[in-house]
Amino acid sequence: MSILTKSRIKSPWLLHYDCGGCNGCDIEVLAALTPIYDIERFGIVNIGNPKHADVLLVTGPVNHRNKRVLRNLYEQMPEPKLVIAVGTCACTGGIFYNCPNTLGGIDKIIPVDVYIPGCAVRPEAIIDAVVIALGKLKEYKG
Amino acid sequence: MSTGWLVGSVVIAVIVAPLIGGLLRGIDRKLTAHMQGRIGPPIIQNFYDLIKLFGKKPMVAGKPQLVFAWGYLFLIITAVVFFALRQDLLVVLFILGFAGVCLVLGALSVKSPYSQLGGHRELLQMLAYEPILLLAVIPIALKTGGFPITNIFEYGQPLLPNLWLTFIALVIVLDIVMKKSPFDISSSEHAHQEIVRGVLTEYSGPYLAIIELAHWYELVLLLAILGLFWIVGSLWWLSILTPLAIWFILLITDNICTRLTWSWMVKFAWGVGISLIALNILVVNLGWM
C-alpha cells in the first residue's frame, strides 16, 4: 500500500447532510463524535465544508427541494470521495416510501458507496460503514 | 560563520521546521483530546492529513487563490531562511506580515461569504498583533544595539531577565497567530462552526495542504523568536523549554476559553501588549533593567 493510500485511509474527513429525515440518524452521527466512541482516534473529523471533505454522510430521503443542494455538495467535494447513505430513509425512502414529495433514496441523485439500514442507525454501524467505505480507496486510481 | 555552516543551517531550518510544526500540531490534538476525556488521534495524524490533501484532485475557485496560497508558503519559508541566516529581525517580521496579507487577499479573492468574513476577521487579527510584533523589536534593539539577530548572539547574556515584559507581549501575539481560543476569530478550529473555517473555507485539496504547511513553518518560527530570549549563556537549553512551556499554557487556555469578540481582542492586545512594551522601553531607557 502506498503512503498516499495509507494517508487517505487514515484521514477521512466527514461532511454530514440531512436531506429531510426525522433527525434521529443525525443525532446518532453526532453521537459517534462523543468521548464514548471518539472517532477522532481514527483520524475522522466532522467537517462542515464540502471542499475539505472526503466522505459525505447523507441522512433522510431526498425531496424535490433539496436534491439540488445534495448534488451541489457532492460536486464541490474534490476526488477521491465516498458517499454513505445513513439510515433506511437514505437507502430506500423508509417510512416516506412512495410519498409524492420525496424521491425515495439518495442514490436517485448521487452515486452511493455504502448503505447503512436502520431506523435509526447505531453509531457502531456508522463507524463500520466508514471503515468499509475506506476499503474502496485501496482500489482508487486517480 | 563559514559558508558551509550557513547553508547547513538553512537546509536544516527548511526541512526540520515543518517536521517539528507537524508534530506539535499532532501533540496539540492528542493533548486536547485527553483534556476532553477522549483518546485522540495518533501524534503523526497531521502528516497523514497533509499527504492526503496533497493527493486530492486540485480544485480552485479562481486563479488568484493559487497565487496567494503559494505566496503565503514561499514568504513564510523566506522568513524562516532569513531567521536561520540570523538576518535582521525587523525584516523577518515584515516578511511574515506580507505573508499574512497573502492569506487575507486569497480569502477575499473569492465570493463565498464565509471566506469574505474570514478575510475581514483575519485583517482585524493582524490589526491586533502586528503593532505589538513590530514594537517588540525596539526593546531588543535598544538592549543589543541593533536589529540583526546576530546582535542577540553577540550580546553575551540572555535577554529574558531584562525584557520579560516584551516576552509576555509576544506570548499574546503567538496566541493570536496560532488562532487559538479566545483568539480563533478568523478561522474557527473546527469546520462545523459558524464561519466554516473562515479564511480556509474556499481552499481545498493541495492548496489547503500548502496553507497548513505554511502554518507549521509559522508556528515554529514564532516559537523560535520566543526562544531568542534565552539563547545565549549557560542556560541556552531554556530557549527550547520556555517556548514549549508557553505553547502548552496556550493549549490549556485554548481548552478552557470560548471565542471572544474581535473588539475585545483588539482592546486586549493593544491595551496589554503595547503597554507592556512601552513600559519595557521606558525601564530599559532609564537603566533600571
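1. In this predicted model, helix H2 (residues 24–31) of chain A is a useful place to begin, since Cys25(A), Glu28(A) and Val29(A) are buried within that helix. Viewed along the axis of H2(A), its buried residues fall within an arc of 105°, so they line one face of the helix. This agrees with a general property of the α-helix, which has 3.6 residues a turn, so residues three or four places apart point the same way. As for what lies against them, the buried residues of H2(A) pack against strand E1 (13–18), strand E3 (55–59), strand E4 (82–86) and helix H5 (123–135) of chain A.

2. The sheet of chain A deserves a description of its own: it is open, has five strands in the order E2-E1-E3-E4-E5, and is paired in the parallel sense. Strand E2 (45–46) and E5 of chain A stand at the edges, and each has a single partner strand, so one side of each is left without a neighbour in the sheet. H5(A) packs on this sheet, where it touches E3, E4 and E5 of chain A, and the direction of H5(A) makes about 170° with that of E5(A).

3. Turning to the pairings, E1(A) and E3(A) run parallel and are joined over five bridges, with Leu57(A) in E3(A) as the bridge partner of His16(A). E3(A) is in turn joined to E4(A) by five bridges, again in the parallel sense, and here Leu57(A) has Ile84(A) in E4(A) as its bridge partner. Between these two strands the chain passes from E3(A) through helix H3 (residues 67–76) of chain A to E4(A), in a β-α-β crossover that is right-handed.

4. Which residues of E4(A) are buried on one side, and which on the other? Leu82(A), Ile84(A) and Val86(A) are buried on one side, while Val83(A) and Ala85(A) are buried on the other, and both faces of the strand are thus covered. Five of the five residues of E4(A) are buried, so the strand is largely enclosed by the rest of the structure. The division between the two sides follows the general rule that in a regular strand the side chains alternate between the two faces of the sheet.

5. E4(A) is also joined, by three bridges and in the parallel sense, to strand E5 (residues 114–116) of chain A, where Ile116(A) stands opposite Val86(A). Pro117(A) is placed in the loop between E5 and H5 of chain A, and with 15 C-beta neighbours inside 10 Å it counts as partly exposed. Leaving aside residues up to four places away in sequence, Pro117(A) touches Thr88(A) and Cys91(A). The C-alpha atoms of Pro117(A) and Thr88(A) are separated by 4.6 Å, although the two residues are 29 residues apart along the chain.

6. Between the chains, 20 residues of chain A are in contact with 25 residues of chain B. Helix H1 (residues 3–10) of chain A supplies five residues, the largest share of the side of chain A that touches chain B. The residues on that side of chain A divide into five nonpolar, eight polar and seven charged.

7. Within chain B, helix H2 (residues 45–54) packs with helix H9 (residues 205–227) at an angle of about 140°, their axes being 7 Å apart. From H2(B), the residues Leu50(B), Leu53(B) and Phe54(B) meet Gly205(B), Pro206(B), Leu208(B), Ala209(B), Glu212(B) and Leu213(B) in H9(B). The residues of this contact divide into seven nonpolar, one polar and one charged.

Terms used
Residues are numbered from 1 along each chain as its sequence is written. Chains are lettered from A and ligands numbered from 1 in the order in which they are written. This is a predicted model: local features need pLDDT of at least 70, side-chain atom pairs count only at pLDDT 80 or more; totals for chains, interfaces and linings use all residues. Axes are lines fitted to C-alpha atoms, for helices over the stretch in contact, and angles run from 0 to 180 degrees between N-to-C directions. Helices (H or I, at least four residues) and strands (E, at least two) are DSSP runs, numbered from the N terminus. Two residues are in contact if their C-beta atoms, placed from the backbone, lie within 7 Å. Ala, Val, Leu, Ile, Met, Phe, Trp, Tyr, Cys and Pro count as nonpolar, Asp, Glu, Lys and Arg as charged, and the others, Gly among them, as polar. A residue is buried if 20 or more other C-beta atoms lie within 10 Å of its own, exposed if 12 or fewer, and partly exposed in between; C-beta atoms are placed from the backbone. The arc is that of the directions from the helix axis to the C-beta atoms. Two strands pair if DSSP finds at least two bridges between them. A crossover is right-handed if, with the strands pointing away from the viewer, the path from the first strand over the helix to the second runs clockwise.
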